[in-house]
Amino acid sequence: MRNLSLPLALTARISPVVVLAAAGWVLTSGPATTPATQKESSAPQSADESPSGASTAAATKQYSAAPAPCGSISAATIKSLVPGAKTAGKEIPSTDTALRRTCSWNALKGYDYRWLDVSFEITESDEAAAKSYKENVADKSGGGNVPGVGDAGYSVVNLTTENKQQTREGVVMIQASNALVTVTYNGSDFESKKAPSTDEINKGAIKAAKEAVAALESGRKA
């Protein structure tokens, strides 16, 4: 077997799981790391408004907490998209697990490497989620819409090359009411130095996104 010279970025990705988890957080914490939950109130509370008004509005919010991300994707899908990965996944530490949670799966099987992240972010309103979604889509131009999932969906796939090693990464962003779901899926072949096809990465990321949104909806609180 010939020796392989792995690019620095990809060498870090096939280190122990703790290092991989930290790298995964960087992958998925781009524009979405700026909380989409800040919204100023434009109208002061009237004198006769019930003090319980704010709590009533909060109670009727579509999603009040992020679901468990590592349970949002089926074991069968994990085995298909990330061969050799532990199906339980690894949840990334978050400063507020009620509002943002992320799970990562990664594995190197033979020379084939795959990485999958699923992230949930809960905002204070549909309007806040829609604003954040539009900003995130604007930062990742060149993709296309994903119909039939949530209120709005977008997918983009990009190819990068470092030290002659290709990596193809797909990102799917979904807005569902006041929640944002982001899926990142990428892969490389360390023997051929080629990346998986655009179709494979795009379809895999969309499949994971659909399951993540279904998990979000099934855990909705009345």
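# Notebook: a seven-strand sheet and its cores

**Entry 1. Thr-182.** I looked up Thr-182 first and found that it counts as buried at 14% relative accessibility; buried means under 20% relative accessible area, exposed over 50%, and partly exposed in between, with a 1.4 Å probe and protein chains only. I note that this is a predicted model, in which local features need pLDDT of at least 70 and side-chain atom pairs count only at pLDDT 80 or more, while totals for chains, interfaces and linings use all residues. Residues are numbered from 1 along each chain as its sequence is written, and side-chain values use heavy atoms, with hydrogens and water left out.

I placed Thr-182 in strand E7; strands (E, at least two residues) and helices (H or I, at least four) are DSSP runs numbered from the N terminus. I then listed the contacts of Thr-182, leaving out residues up to four places away in sequence: Asp-117, Val-118, Ser-119, Val-171, Val-172 and Met-173. Contact here means heavy atoms within 4.5 Å.

**Entry 2. Overall make-up.** I counted six helices and seven strands in the protein. From the N terminus the elements run α-α-α-α-β-β-β-α-β-β-β-β-α. Of the 222 residues, 42% are buried. Among contacts with a separation of 6 or more, 63% come from residues 24 or more positions apart. The exposed surface is about 11,600 Å², of which carbon and sulfur atoms supply 53%; accessible areas come from the Shrake-Rupley method with a 1.4 Å probe, and for residues only the protein chains shown count as cover.

**Entry 3. The sheet.** I traced an open sheet of seven strands in the order E1-E2-E3-E7-E6-E5-E4, with antiparallel pairing. Strand E1 (90-92) and strand E4 (144-145) stand at the edges with a single partner strand each, so one side of each has no neighbour in the sheet. Two strands pair if DSSP finds at least two bridges between them. Strand E2 (residues 100-109) and strand E3 (residues 112-122) are joined by ten bridges in the antiparallel sense, and Thr-102 stands opposite Ser-119 in E3.

I next examined the helices on the sheet. Helix H5 (residues 126-139) packs on the sheet and touches E5, E6 and E7, its direction making about 155° with that of E6. Helix H6 (residues 198-218) also packs on the sheet, touching E3, E5, E6 and E7, and its direction makes about 150° with that of E7. Axes are lines fitted to C-alpha atoms, for helices over the stretch in contact, and angles run from 0 to 180 degrees between N-to-C directions.

**Entry 4. Strand E6.** I found eleven of the twelve residues of E6 (residues 165-176) buried. Strand E5 (residues 152-162) runs antiparallel to E6 and is joined to it by eleven bridges; Val-157 has Gly-170 in E6 as its bridge partner. The E5-E6 hairpin has two residues between its strands, and Asn-163 in the turn has a positive phi of about 50°.

E6 is joined to strand E7 (residues 179-189) by nine antiparallel bridges, with Gln-175 opposite Leu-180 in E7. This hairpin too has two residues between the strands, and Ser-177 takes a positive phi near 55°.

I also checked Gln-165, which lies in E6 and is buried at 1% relative accessibility. Its C-alpha atom is separated by 8.1 Å from that of Asp-189, 24 residues apart along the chain.

**Entry 5. Aromatic pair.** How many aromatic pairs does a search of the whole structure find? I obtained one. The ring centres of Tyr-113 and Phe-190 are 6.3 Å apart and the planes stand at 20°, so the pair is stacked. Rings of Phe, Tyr and Trp (its six-membered ring) pair if their centres lie within 6.5 Å; planes under 30 degrees apart count as stacked, over 60 as edge-to-face and the rest as tilted. Tyr-113 lies in strand E3 and Phe-190 in the loop between E7 and H6, 77 residues apart. Tyr-113 is buried at a relative accessible area of 1%, and Phe-190 is buried at 3%.

**Entry 6. Nonpolar cores.** I define a nonpolar core as a set of buried Ala, Val, Leu, Ile, Met, Phe, Trp, Tyr and Cys residues joined through side-chain atoms within 4.5 Å. The largest has 32 residues, and those with the most contacts inside it are Trp-105, Leu-116, Val-172 and Val-183. Helix H4 (75-81), E2, E3, E6, E7 and H6 each supply at least two of its residues, and H6 gives the most, with eight.
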